[in-house]
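Q: Please take a close look at how one pair of helices packs together in this model. I should like a connected account of the geometry and of the residues that take part.

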Amino acid sequence: MRPARRTGGLQRKLFFALLIVGIVPGSAALWATYLFSTASLKQAIGEGFQEIARSTAIRLAAAVDNEIDRAIRLALVPLHVRQPVMLANQRERGSFDAARPHASPGPQPRDHAAPAAIASIVRYLEEWARESGHYVRVTIADRQGVVVASTDPLLPLQQTDQAWWREAMRAVPGTYYVSSLIRDPQANDTVFHVAVPILDEAQGVPIGAVGLVIRRDLLTQMILPIHIGNTGHGMLLDTQGTPLICPLLPPTAHLIPHALLGRLTLDRPLWLVADDDAHGGRDAIVGAAPVRFSHQLIPASLGGDPWYAFIRQAPEETYAPIYALLVTVGVIGFGLVIALSLSGFLVGYRIVKPLAALQREAEGLRHNLTRPNNASIPHIVPLLPVEYQTGDEIEDLAKSFAAMRAVLEENLRTILSQQHELIRQEKLASVGQLLAALAHDLRNPLGVIRSSAQVVLEGPQEEAIRQEMARYIIDEVDKLSLRLHDFLRFARQKPPDVSVVSAEDVVRAALWQWEAQGGHEHIGVEHRFAHHLPSIQVDPEQVKEALMNLLINAREAMPEGGQLTLSTRMAEQSGVEIEVTDTGSGIAPDHLSRIFEPFFTTKDYGTGLGLTNVKRLVEDNDGTLVVRSRLGKGTSCMLRFRPIAAG
């Protein structure tokens, strides 16, 4: 069967090969670009966030340090701060009048000049506080915690229960108190306290305290201006993970996870990739820096939790440049791959075109070689078509092929001219061989028949002699009939009349016919029929005839008796096998390769066509015949047929 012609296969292979060659390295390069660009951008963005956090922490610390400096300078004012505090400390607590003027919050001394002096202090404090604009109140208290003066007229007189006064009074010289951010109900705002001691000039011990209550706006104005894209912003945290200042969410709405907090609360600026940034972001880049004050704070300051500046941005916005770069590189890269593949497609067309023409030439040569024997072969001049003129190895191949075609067609013409003579001579030789074998096989039986008939014609004979002569004549006629049957089977091929049968039935039919011929009295017959074998599709008469020939050969190989075994089974190659095995004389190794040759025989009688006809009958039924033999041990003949698939 002629195979279907492929069109464009090589061209498609070139296209897909270049496509794959482009895609695989392109994908690897794209992945490497993604990893490298991601790492580089993460590094750049993280370092940027770290720097923003560091500068924010510096500004926050500077703002608080500035307020501490102002409070220190206020504590040194002699007329409006130090002297009133010293006088208040010198008075006995019991001489104070509990009543306080509405306009001045300080204690009322017994003399009548006190209200005027206190009012002057308050005006000074109010004027001083107005310079900043972030104060809720400014308070001066003596060593007993009694308010000397305050900008808040409603402030309780006694401040001993307030942390700012207690911490300022027991502070080590050179240390100051800054509270954490707290809610002030009186001011209805979030504030923090700054407190410094008023020191005795001689002894250096606290004689009072200056307390500032500062609105959170002082710190918020350092945080709110931080804008990084649309979602990036800054925060102020403490070590408990509480966002003290966040422009997006209130402090109670979210907490920094402990896992992230443990990585952030270091004594140096840093950046990292957070699994959870407490704003719903995953794998977010964040920056952080500790707020370090230039003044030394009391350990109780900031609620015992240091402050940290925290910078974050939504991951989708942070990685947007990476994704944009990835898309750009991908589009450009795959565009180049497609362009390269299309170029390969065009190059493939230039390569395939001469190859296709060469294929057509080969088809023409094949057509000439497969013409009928009596067809003439035209003379073809090996001209080189235009499509072969590529200037490379393909053109050289085309020239060589054209020259080869010319030589082959010339040789074919010579072969065809000699073929008829060879066929005629072979036919004459075959006919001569057939006639010689036929004459040899007919001469002896005819001689016996003639001699027996002559004995009968010579005169009356005894009944026993006449019957013996008749048997001779009948036997020789049977031999002639068998020889003629072999010759007719060899010379005339009948196509098989197939039907679906079981292997066991065919074997039993051949065995019954063989047993009916007799001559097997000293031969033991053994059956080994497998059960549930699939059926085979053969001509049962032809297969039975082949088995009969094998059984006859087995009987002739065991003239003194022996064992004959008939088997059916399923082969490993999914074939149904029929095996005939005898324990006869066997076949010599040098004869085993010639047993299927016509007219080859080692017997004193026979045509040598038995196994030839068996092999042809088996192969006509789409089967195979395998003969194995050991001289003096016996012979095994195996017939194998394809089974009918169960459906």
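A: In this predicted model, the axes of helix 11 (residues 503-517) and helix 12 (residues 540-557) come within 9 Å and cross at roughly 45°. An angle under 35 degrees would count as roughly parallel, and one from 65 to 115 as roughly perpendicular; helix 11 and helix 12 are therefore oblique to each other. The crossing in which helix 11 passes helix 12 is right-handed.

The contact itself can be followed residue by residue. Helix 11 contributes V506, V507, A509, A510, L511, Q513, W514 and Q517. Facing these residues, helix 12 supplies P540, V543, K544, L547, M548, L551, I552 and R555. By character, the residues of this contact comprise twelve nonpolar, two polar and two charged. Counted as polar are Q513 and Q517, both from helix 11, while K544 and R555, both from helix 12, count as charged. Among the nonpolar participants are W514 in helix 11 and M548 in helix 12.

Elsewhere, the model contains an open sheet of five strands, ordered 8-7-12-10-9 and paired in the antiparallel sense. Strand 8 (243-245) and strand 9 (270-274) stand at its edges with a single partner strand each, so one side of each has no neighbour in the sheet. On average, and with direction ignored, neighbouring strands of this sheet are turned by 35° against each other. At the edge formed by strand 8, the pairing with strand 7 (residues 233-238) is antiparallel and runs over two bridges. There, L237 stands opposite P243 in strand 8.

Terms used. Residues are numbered from 1 along each chain as its sequence is written. This is a predicted model: local features need pLDDT of at least 70, side-chain atom pairs count only at pLDDT 80 or more; totals for chains, interfaces and linings use all residues. Side-chain values use heavy atoms; hydrogens and water are left out. Axes are lines fitted to C-alpha atoms, for helices over the stretch in contact, and angles run from 0 to 180 degrees between N-to-C directions. Helices (H or I, at least four residues) and strands (E, at least two) are DSSP runs, numbered from the N terminus. Angles under 35 degrees count as roughly parallel, over 145 as roughly antiparallel, 65 to 115 as roughly perpendicular and the rest as oblique. A crossing is left-handed if the near helix is turned anticlockwise from the far one by less than a right angle, and right-handed if clockwise. Contact means heavy atoms within 4.5 Å. Two strands pair if DSSP finds at least two bridges between them.
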